[in-house]
Amino acid sequence: MQGIAVRWGFRLYNKNLSWLTDPEFLSEWSKFPGAVGSIHERRFNLFNLSKIVRDIPGDLAECGVYHGAGSYLMLSATEGTDKTYYGFDSFEGLSAPKQQDVVGSEVAFRWEKNDLKVEEDIPRQNLVRFSSRVVFYKGWIPERFNEVSGRVFSMVHIDVDLYEPTRDALEFFFPRLSVGGVVVCDDYGFETCPGARKAMDEIAERHSLSVVHLTTGQGIIIKRASNVAG
């Protein structure tokens, strides 16, 4: 079985990994509409990363809401706090890829403008459980960032796949991130998203930080006290 999986590019999980049966995560994830039969390690990581910022001052932000699955777990993990979730999305799909987004692999998927388009009503309905803590800003990044310029953030989840919106999100939110706050780039380790990786590496280098590259493809930056100047 393992040989067949490798041949076709699939991975087999070790059945002894405890996250696969983690009761807290499964209980929360099962409440998300459309989650039935879907257990994803990136979702598990995001849920647990969101838990560690419960006591870090600041709100939650997400760039690239899509159906709201990540949003749901960020909100669930911080339930009982006063954190507001601010979601930014064009709800028209991706912007046009630029030179920094050109994929080097000949077999990797290539994004096109308006890929991943979803109507705003879908994530809004999926997040109805947390509606009192949710604010959406429809528009192309970074058009509406100024509307939260006075806020402080404890966690920012960036899932926009391309260089320019990832760069713009990092440049806006990192100076507003509390010490101990976390930036999660969902696309960091994917061959289909070289621009997202470039943007993360650039800001990490600028602030003498390292990007924690997870095997799920996620990239993480944690703000230190030495970065408080922005």
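**Exercise 1. Find the partner of Glu120 and say how close the two get.**

Solution. Glu120 makes a salt bridge with Arg124, and their closest N and O atoms sit 2.5 Å apart. A salt bridge here is a side-chain nitrogen of Lys or Arg within 4 Å of a carboxyl oxygen of Asp or Glu. Next, check Arg124: its relative accessible area is 40%, so Arg124 is partly exposed. The cut-offs are under 20% for buried, over 50% for exposed, and partly exposed in between (1.4 Å probe, protein chains only).

Before going on, a word on the model: it is predicted, so local features need pLDDT of at least 70 and side-chain atom pairs count only at pLDDT 80 or more, while totals for chains, interfaces and linings use all residues. Residues are numbered from 1 along each chain as its sequence is written, and side-chain values use heavy atoms, with hydrogens and water left out.

**Exercise 2. Work out which parts of the chain the Arg42 and Asp186 pair links.**

Solution. Start with the contact itself: Arg42 and Asp186 form a salt bridge, with 2.5 Å between the closest N and O atoms. Now place the two ends: Arg42 belongs to helix α3, while Asp186 lies in the loop between β5 and α7 (194-206), and 144 residues separate them. Helices (H or I, at least four residues) and strands (E, at least two) are DSSP runs, numbered from the N terminus. Last, look at burial: Arg42 is partly exposed at 22%, whereas Asp186 is buried at 6%.

**Exercise 3. Count the salt bridges and pick out a network.**

Solution. The count comes to 13 salt bridges. Glu28, Lys31, Glu79 and Arg129 are tied together in a network of them. For another pair, take Asp168 and Arg167, whose closest N and O atoms are 3.1 Å apart. Asp168 is buried at 17%, and Arg167 is partly exposed at 25%.

**Exercise 4. Put the strands of the sheet in order and name the edges.**

Solution. First, the elements: the protein has 7 helices and 7 strands. The 7 strands form an open sheet in the order β3-β2-β1-β4-β5-β7-β6, with mixed pairing. Two strands pair if DSSP finds at least two bridges between them. At the edges stand β3 (134-138) and β6 (212-213); each has a single partner strand, so one side of each has no neighbour in the sheet. Zoom in on one pairing: β1 (residues 59-63) and β2 (residues 85-89) run parallel and are joined by 4 bridges. There, Ala61 stands opposite Tyr86 in β2.

**Exercise 5. Say which strands helices α3 and α6 lie across.**

Solution. Helix α3 (residues 41-51) lies across β4 (153-158), β5 (177-185) and β7 (219-222), at about 165° to β4. Helix α6 (residues 163-173) lies across β1, β2, β4 and β5, at about 175° to β4. Contact means heavy atoms within 4.5 Å. Axes are lines fitted to C-alpha atoms, for helices over the stretch in contact, and angles run from 0 to 180 degrees between N-to-C directions.

**Exercise 6. Look for disulfides and check Cys185.**

Solution. Searching the whole structure turns up 0 disulfides (a disulfide being a pair of cysteine sulfur atoms within 2.5 Å). Cys185 is in none; its nearest cysteine sulfur, that of Cys193, is 7.8 Å away. Both residues are tucked in: Cys185 is buried at 0% relative accessibility, and Cys193 is buried at 2%.
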